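Here are my notes on this model, as numbered points. Please read them with the structure open.

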Amino acid sequence: MSTFRNSPNVLFETTVTATRRLSPGFVRVTLGDDRLRDMAPHQRDQRIKIMLPVGGDYPAGLRAGLPEQGWRREWRSTPDRERPWLRSYTAYRARPAARELDLDFYLHQPHGPASTWAAGARPGDRLILSGPHVRAGQPGYGVQWEPGPATRVLIVADETAYPAVRGILPSLGPGVRATVLLEAGTAADAATLDDVTADHSVEVRLRDGARGGTALAAMVGDWLAEHGAAAAGAGSRFYAWAATESSRIAHLRRLFTEAHIAPERVHTQGYWHDRPTRKEIAD
Ligand SMILES: Cc1cc2nc3c(=O)[nH]c(=O)nc-3n(C[C@H](O)[C@H](O)[C@H](O)COP(=O)(O)OP(=O)(O)OC[C@H]3O[C@@H](n4cnc5c(N)ncnc54)[C@H](O)[C@@H]3O)c2cc1C
């Protein structure tokens, strides 16, 4: 419980204002509400929580403005048959002035609850989410991207992390060179990032039937074989960020360690689980 006592996150009640199919695997859902003027736009890979209603509506106790400690207590005490599904998403484009927020959903096959909701989202649908209140302090809360003085960065992502890539790349200073390794089910999904990857070095590898994260691990291995020594030698001027299926993360970390890259220069994060659905995905 005390874990969330200092959280700047509060609940926002939003309504879908528009949806757009970006590619076979992606839907962009635009959410609107007056109170979104108060959601802190940290961008980059800023993480928020969304709640997917069970049976069409939300429990009455989950109200706009509830702080995280309070909504978690309410969420836990809701009977399972009514308790919303909880999932992490990237608020890569919060637009407080317009009272809007875009979320890009990758539609897993088969769909889990979040993918099902996004695939069927229509203007007027409600979505409750938890994000940082602008007056709660803690700038950058929910952002994991911490390159420090790095001038050479490696970004490794499957589709669930494309929104983070979309948020991170425009934040890079002019002297920073990025290599972006992308896993994709279809090339059209990776092409949705063409506008932000244009000035960087990009490699896309298709999954081709393999399990999520397999192609990424191979790409990271290949990249380290060629550039690992230079990356290790660069010290704090190198930084790597990788997000993919959770069971692949330990292997990815091992690859960086074997290349003698300092652990604090590498951020890895499981973004989804290749296993049957659960109410809360606790990442
Ligand atoms: C910090 C963070 C930010 C994120 N940002 C984004 C984002 O911006 N956009 C985005 O798309 N995702 C994002 N993700 C990932 C997203 O949270 C997960 O993909 C999420 O689990 C999707 O929820 P879901 O309900 O659609 O699928 P889940 O219910 O979580 O299931 C995921 C998938 O696992 C598969 N699966 C594996 N085994 C089985 C089985 N036995 N039965 C059925 N299905 C199975 C299915 O394909 C299923 O759809 C983020 C994750 C984190 C941690």
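1. Start with a residue pair. Val156 and Ala242 are bridge partners, with Ala242 lying in strand 11. The model is a predicted one, so read every point below in that light.

2. That pair belongs to a longer match. Strand 8 (residues 152–157) and strand 11 run parallel and are joined by six bridges.

3. Strand 11 also pairs with strand 12 (residues 266–272). The sense is again parallel, and six bridges join the two. For a reference point, take Ala240: its bridge partner in strand 12 is Val266.

4. How buried is strand 11 (residues 238–245)? Eight of its eight residues are buried, so strand 11 is largely enclosed by the rest of the structure. The cut-off behind "buried" is 20 or more other C-beta atoms within 10 Å of the residue's own.

5. Check the connection as well. Helix 7 (residues 249–258) joins with strand 11 and strand 12 in a β-α-β unit, and the unit is right-handed.

6. Now the other sheet to inspect. This sheet is open, has seven strands and shows antiparallel pairing. The strand order is 4-3-7-1-2-6-5. Strand 4 (85–90) and strand 5 (93–95) are at the edges. Each has a single partner strand, so one side of each lacks a neighbour in the sheet. On average, neighbouring strands here are turned by 35 degrees against each other, direction ignored.

7. One edge deserves a closer look. Strand 4 pairs with strand 3 (residues 47–52) through six bridges, in the antiparallel sense. Within this pairing, Arg47 stands opposite Thr90 of strand 4.

8. What lies across strand 3? Helix 2 (residues 113–120) does, and helix 2 also lies across strand 2 (26–32), strand 4 and strand 6 (100–106). The angle between helix 2 and strand 3 is about 80 degrees.

9. Then the division of the chain. Domain 1 covers 2–132 and domain 2 covers 152–272. Taken over C-alpha atoms, the domain centres are 26 Å apart.

10. Last, the contact between the domains. Domain 1 brings 13 residues into contact with 15 residues of domain 2. On the domain 1 side, strand 1 (9–23) and strand 6 each supply at least two of the touching residues. That side has five nonpolar, five polar and three charged residues.

Note on methods
Residues numbered from 1 in each chain as written. Predicted model: local features only at pLDDT ≥ 70, side-chain atom pairs only at ≥ 80, totals over all residues. Pairing = 2+ DSSP bridges. Helix = DSSP H or I, 4+ residues; strand = E, 2+ residues; numbered from the N terminus. Axes fitted to C-alpha atoms, helices over the stretch in contact; angles between N-to-C directions. Contact = placed C-beta atoms within 7 Å. Buried ≥ 20, exposed ≤ 12 C-beta atoms within 10 Å, placed from the backbone. Right-handed = clockwise from strand over helix to strand, strands pointing away. Domains from an automatic or database assignment. Nonpolar A, V, L, I, M, F, W, Y, C, P; charged D, E, K, R; others polar.
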